[in-house]
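Thanks for asking me to look through this structure with you. Keep the 3D view open as you read, and find each residue as it comes up.

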Amino acid sequence: GYELTSPQAQYALRFQALTRYDIYDFGFYHSDVTQTSAPFATLGKPVLPLHSVLARDAASALWWYDGTGNATAPLYSREQIGTGWQTYNTLAALSPHKQSLYYRGDTKPSPVTQGLGDVVARDTTGTLWYYDYQFVSGKPYAPRVKAGTGWNIYDQLTGAGDLDRDGYMDLLARDKAGVLWLYPGTGNLTTGARFKARTKAGTGWNTYNHLAAGADLNGDGKADLLARDTTGTLWLYKSTGTPTTPYASRIKAGTGWNIYNQLTLTGDLTNDGKPDAIARDSSGALWLYKGTGNPTTPFTTRTQIGTGWNIYNRIF
C-alpha cells in the first residue's frame with residue numbers, strides 16, 4: 001500500500017503510480033515475502049485549487065462567480081446564493097475563496113479549512129456577523145453567528161488571511177483615527193468567540209482610502225496587504241508573520257489606481273500558482289491583474305474580463 005499526502009485544504013489530486021513487483025511463492029494463500037518501495041513523486045502538474053468571487057447587487061442578492069483557471073476567461077457565469085445582504089454596510093472575506101462554493105455533499109469544514117472563505121458582515125447597528133463556509137451544496141454558508149457588537153467604530157474591514165501563522169484566518173479593522181487593529185481568529189465556533197482581543201497593528205492608516213489583504217503576493221507563504229492612498233498610488237505591505245508587527249515597510253506597487261471603485265485580492269484565478277487581483281472602474285468594466293510573485297511589480301498589465309459590473313455595490 002501507498003500513502004499519498006496532499007497539501008492542506010486540497011480536496012483532490014491527479015496522480016499516476018507505476019509499480020512493479022516480482023514476488024514468488026509456493027502457492028500459499030499469503031506470501032511471506034515483502035517488498036517496499038521508496039517514496040515516489042506524483043507525475044504531472046499539481047492540481048491547483050480554484051478561487052471564486054462574490055458580489056452583492058443593489059437588490060441585496062449575493063452572487064457567486066466560480067473560477068475557471070483560464071486566464072482569458074477566469075470566471076464562470078454567476079449563480080445566486082443568497083438574498084437580504086443589503087442589511088450590511090460592510091462585507092469582507094477573511095481570505096480569498098480558495099475552494100469552489102459548489103460542492104456535492106454535506107461535509108462540514110475541517111480544522112484545516114476553518115476560516116478559508118468565511119465572511120464577516122457588519123450591520124447598521126454595529127453588530128458583526130460571521131458566516132461559516134460550510135461546503136453544503138446549495139447552502140455554501142451556514143446560518144450567521146454573532147461575532148460582536150460596537151464595530152461601527154471602524155470605517156474599513158478587510159480579511160487578513162492567517163496573519164499570525166496559527167492556522168486560523170484573521171481580520172483587520174481600521175478606526176476613524178487611522179489606527180489599524182488586528183483581530184486574530186480562534187477557530188472557535190461559539191457565538192462571540194470567533195476572534196481574540198484586538199492588538200494594534202499600526203497608526204497613520206487614514207492616508208489610505210482602500211485596503212485589500214489576505215493573499216501572498218511575494219511567494220514567501222505569508223498573507224500580504226495592499227493599500228491605496230488618496231492620490232491613487234498603490235502600496236504593498238509584506239507580512240512579517242509576527243502579530244505585534246504584522247507588516248514590513250511599504251513598497252510602491254503602482255500609480256493611477258484611483259480610477260477603480262472596487263479592488264479585490266482574489267487568490268489565483270489563472271492557474272499559475274500566484275494570487276491575482278480584480279478591479280472595477282467607473283464604467284463597470286472588470287479588470288484582471290495577474291500576480292507576478294515580485295513585490296516591487298506585483299501585477300502584470302491589466303486585462304479586461306467583464307462588463308456591466310457596476311450593478312454590484314460590493315465585490316469581494
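Below are my numbered points on this predicted model.

1. Let's begin with Thr90, which is found in strand β4, residues 88-93. Is Thr90 buried or exposed? Its relative accessible area is 15%. Buried means under 20%, so Thr90 counts as buried. The strand around Thr90 gives a similar picture: β4 is mostly covered, with five of its six residues buried.

2. Now look at what the side chain of Thr90 does. One polar contact, of 3.4 Å, joins it to the side chain of Asn89. Another polar contact, of 3.0 Å, links the side chains of Thr90 and Arg122. If you set aside residues up to four places away in sequence, Thr90 touches Val120, Ala121, Arg122 and Leu157.

3. Which strand pairs with β4? The partner is β5, residues 119-123, and the two run in the antiparallel sense over five bridges. To see one of these bridges on screen, select Leu91 and then find its partner Ala121 in β5.

4. Next, please turn to an open sheet of four strands. Its order is β14-β15-β16-β17, and the pairing is antiparallel. The edge strands are β14 and β17 (251-254), each of which pairs on one side only. From one strand to the next, the twist averages 30 degrees. Within this sheet, β16 and β17 are joined over three bridges in the antiparallel sense. For a pair to look up, try Leu236, whose bridge partner in β17 is Ile251.

5. Aromatic rings deserve a point of their own. A pair of aromatic rings is described by the distance of the centres and the angle of the planes. How many aromatic pairs does a search of the whole structure find? The count is 22. In one of them, the ring centres of Trp85 and Tyr88 are 5.8 Å apart and the planes meet at 65 degrees. Planes over 60 degrees apart count as edge-to-face, so that is the label for Trp85 and Tyr88. Both Trp85 and Tyr88 are buried.

6. Tyr208 and Tyr237 make an aromatic pair too, and this one is edge-to-face, with 6.2 Å from centre to centre and 85 degrees between the planes. Why does this pair tie together parts that are 29 residues apart in sequence? Tyr208 lies in strand β14 and Tyr237 lies in strand β16 (residues 234-237), so the pair connects those two parts of the chain. Tyr208 is buried, at a relative accessible area of 4%, and Tyr237 is buried as well, at 11%.

7. Some aromatic residues form a group. Tyr130, Trp151, Tyr154, Tyr183 and Phe195 make up one aromatic cluster. Rings can also have a charge over them: the charged end of Arg78 sits over the ring of Trp63, 3.6 Å from its centre. The charged end of Arg302 sits over the ring of Trp287, also 3.6 Å from the ring centre.

8. Now for two residues outside the strands. Thr270 has its place in the loop between β18 (260-267) and β19 (276-281). Is Thr270 buried or exposed? With 9% relative accessibility, Thr270 counts as buried. Its side chain makes a polar contact of 3.3 Å with the side chain of Asp276. Beyond its neighbours within four places in sequence, Thr270 is in contact with Gly69, Ala71, Asp276, Leu288 and Lys290. Thr270 and Pro74 are 196 residues apart along the chain, yet their C-alpha atoms are separated by 6.4 Å.

9. Gly219 lies in the loop between β14 (208-215) and β15 (224-229). Gly219 is exposed, with a relative accessible area of 65%. Gly219 and Gly293 are 74 residues apart in sequence, but 5.6 Å apart in space from C-alpha to C-alpha.

10. Last, find His51 in the segment before β1 (53-57). His51 is buried, with a relative accessible area of 10%. What does the side chain of His51 reach at 3.1 Å? The answer is the backbone oxygen of Asp268. Leaving aside neighbours within four places in sequence, the contacts of His51 include Asp66, Gly67, Pro96, His97 and Thr266.

Conventions. Residues are numbered from 1 along each chain as its sequence is written. This is a predicted model: local features need pLDDT of at least 70, side-chain atom pairs count only at pLDDT 80 or more; totals for chains, interfaces and linings use all residues. Side-chain values use heavy atoms; hydrogens and water are left out. Buried means under 20% relative accessible area, exposed over 50%, partly exposed in between (1.4 Å probe, protein chains only). A polar contact is a pair of N or O atoms within 3.5 Å; within protein, one must be able to donate a hydrogen and the other to accept it, and residues adjacent in sequence count only if both atoms are side-chain atoms. Contact means heavy atoms within 4.5 Å. Two strands pair if DSSP finds at least two bridges between them. Rings of Phe, Tyr and Trp (its six-membered ring) pair if their centres lie within 6.5 Å; planes under 30 degrees apart count as stacked, over 60 as edge-to-face and the rest as tilted. A charge sits over a ring if NZ of Lys or CZ of Arg is within 6 Å of the ring centre and within 35 degrees of the ring normal. Axes are lines fitted to C-alpha atoms, for helices over the stretch in contact, and angles run from 0 to 180 degrees between N-to-C directions.
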